[in-house]
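Me: Before I use this model for anything, I would like to go through it step by step, with the reasoning behind each reply spelled out.

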Amino acid sequence: MNWSAVWAIYQTEMARFFRTIAQSFISPVISTSLYFVVFGAAIGSRIDEVEGVSYGAFIVPGLIMLSVMTQSLSNASFGIYFPKFIGTMYELLSAPINFLEIVLGFVGAAATKALFIGVVILVTAMMFVDVPIQHPGAMVLFLVLTCLSFSLFGFIIGIWAGNFEQLQLIPLLVVTPLVFLGGSFYSISMLPPIWQNITLFNPVVYLISGFRWSFFGTADVPIGLSLLAIGGFTAICLAAIWWIFKTGWRIRS
Amino acid sequence: MIVEIENLRKTYAGGFEALKGITLTIEKGEILALLGPNGAGKTTLISTICGITKPGSGHVRVGGHDVVTGYRQARSMIGLVPQEINLEPFNKVIDTVTYTRGLFGKPRDPAKIEAILKQLSLWDKRNSRVVELSGGMKRRVLIAKALSHEPDVLFLDEPTAGVDVELRKDMWDIVAGLKAQGVTIILTTHYIEEAEAIADRVGVINGGELLLVEEKDALMARLGQKTLQIDLQEPVSEIPEALAAYALELVEGGVALRYSYDTRGESTGITRLLRDLAAAGLSLKDLQTQQSSLEDIFVGLVSEGAA
């Protein structure tokens, strides 16, 4: 393993994050606060407890997941797309490194940034509501796996994208709706039975449900299924990236 | 030898055959200049050796390591300065050079980075962001990055394209300095004078084929045409009938005659020409000879290939 290369990529990607630390830090704090003002105070005050948890606290795992997923996607996709866009990809392709090392550097940095933002949101949320964490180990596991798997997915999008429009296409048109419809702000048991069944085809449901279970001990789907879903998603993304580097799809002519 | 290329072929997805069986060996410590027009295959050749492009068939070995099966060892020995100025604009100079050293698996060595930046007159700009630099400085940064991991072989893809004359001379000095350190240099260029000034060997590539590789001096001596210009005391309106066999050109308004001859020939015909000029009653004022440049040779070869 060329650990030196992994560290070089990781450090450079993190430097980009720290160059805009105010924006990276303040933006999630403000948006989380706004969610609490709108959903927690204005709308939440009219909603009873959900599965025995106050609505304000109930939306915290969903809010964290929403930000972590979108941040992982955008950080990882931009991280690998930018060298393609400015032409510095040649450096990665001509360096003595393999696909795993490139992925570890880029995806590791993207996942770290998303994790940081997830923690910032959790801390911000705790200033507004009491958030119990019944299974802290599982909470960390779900958080890390989500950051990792969505960063892997973002990496694939970044390699696929041929321009900035395509870079935004899947996150905006596919992922964001799936996250919003995946129970971020509600329990799927609140939906009519037909929609409950349809929602089960949304993979994000399993991630949010598992993450919420780690907080409150209640879940829309069995915790084992949630773990299986996130593990499977990670494996599929890894396999796809391995194939991309093996064939050189969109990166090596 | 440090680079061995064996029957290398490359056809792009669209069907364009960029390399048509290139075979070439490059000796350690030499400077090889690859000349060729646009689309000749120069950049594809370099890209394939460096790992940016996948080879179609054939083999490339660097330091004895195959660039496909032994890519780690092969690429560790190579530094590449691309044709385009591709740099992350917001990074500091010192950071971007340190980054490349890391990518190539070398441990951090601030003293080495400092030496490279000083060698390239970039030390004062080490904390400047790339976006703030001039075009010439950016090109130096590209060279610094390529040298950051102390490569044995350095590829320079049109290193002086679009730079001013002064900077071009600076680049030549840098290349000469690297050669003195034992670095093997392969450069592609459009500028014949560049190859003439710094290369040990010259390769001419066109249409994906290597038309010729030869020692620069030997090439010029072997293929070089010379011209003898004869300045006359009195102008003439036409070349005398007795001199028709020499294919002379009347130039400069009739006060000079130009005679082309091949240095490879057993006899240049100059002695006989001078005798016949005197017999024809022409008085000579001065004589000048001029050797054809590498450019003339290059143009000749490429047009021959195209014909």
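The questions below concern a predicted model, and they go from confidence to overall form and then to one helix.

Me: What ipTM does the predictor give the complex?
Reply: Two scores are given for the complex as a whole, one of them a pTM of 0.81. The other, the ipTM, is 0.84.

Me: In which helix of chain B is confidence lowest?
Reply: Chain B averages a pLDDT of 87, and 93% of its residues score at least 70. Within that chain, confidence is highest in helix α3 (residues 93-103) of chain B, at a mean of 96. Where pLDDT is low, predicted coordinates should not be read in detail. The lowest mean, 67, belongs to residues 294-306 of chain B, helix α10.

Me: How many helices does chain A have?
Reply: Read from the N terminus, the elements of chain A run α-α-α-α-α-α-α-α-α-α. Chain A has 0 strands, and its number of helices is 10.

Me: What radius of gyration does chain A have, and why does it agree with a compact globule?
Reply: The C-alpha atoms of chain A fill a box of roughly 60 × 40 × 35 Å along the principal axes. For 253 residues, a compact globule would have a radius of gyration near 18 Å, and chain A agrees with this because its own value is 19 Å.

Me: How far apart are the end C-alpha atoms of helix α3 of chain A?
Reply: Helix α3 of chain A covers residues 55-86, and at 1.5 Å a residue its 32 residues should span 46 Å. There is nevertheless a kink of about 30° in α3(A), centred on P61(A). The separation of the end C-alpha atoms agrees with the expected span, at 46 Å.

Me: How many of the 32 residues of α3(A) are buried?
Reply: Burial can be followed at one residue of this helix, L63(A), which counts as buried because it has 24 C-beta neighbours inside 10 Å, where the cut-off is 20 or more. The helix α3(A) is largely enclosed by the rest of the structure, because its number of buried residues is 25.

Me: Which residue, 121 residues from L63(A) in sequence, lies 6.4 Å from it in space?
Reply: Leaving aside neighbours within four places in sequence, L63(A) is in contact with residues that include T32(A), Y35(A), I121(A) and A125(A). A further contact of L63(A) is the residue asked for, with the 6.4 Å taken from C-alpha to C-alpha, and that residue is S184(A).

Methods. Residues are numbered from 1 along each chain as its sequence is written. Chains are lettered from A and ligands numbered from 1 in the order in which they are written. This is a predicted model: local features need pLDDT of at least 70, side-chain atom pairs count only at pLDDT 80 or more; totals for chains, interfaces and linings use all residues. Helices (H or I, at least four residues) and strands (E, at least two) are DSSP runs, numbered from the N terminus. The expected span of a helix is 1.5 Å times one less than its number of residues. The bend at a residue is the angle between axes fitted to the seven residues ending there and the seven starting there. A residue is buried if 20 or more other C-beta atoms lie within 10 Å of its own, exposed if 12 or fewer, and partly exposed in between; C-beta atoms are placed from the backbone. Two residues are in contact if their C-beta atoms, placed from the backbone, lie within 7 Å. pLDDT is the predictor's confidence in each residue, from 0 to 100. The radius of gyration is taken over C-alpha atoms; the globule rule is 2.2 Å times the number of residues to the power 0.38.
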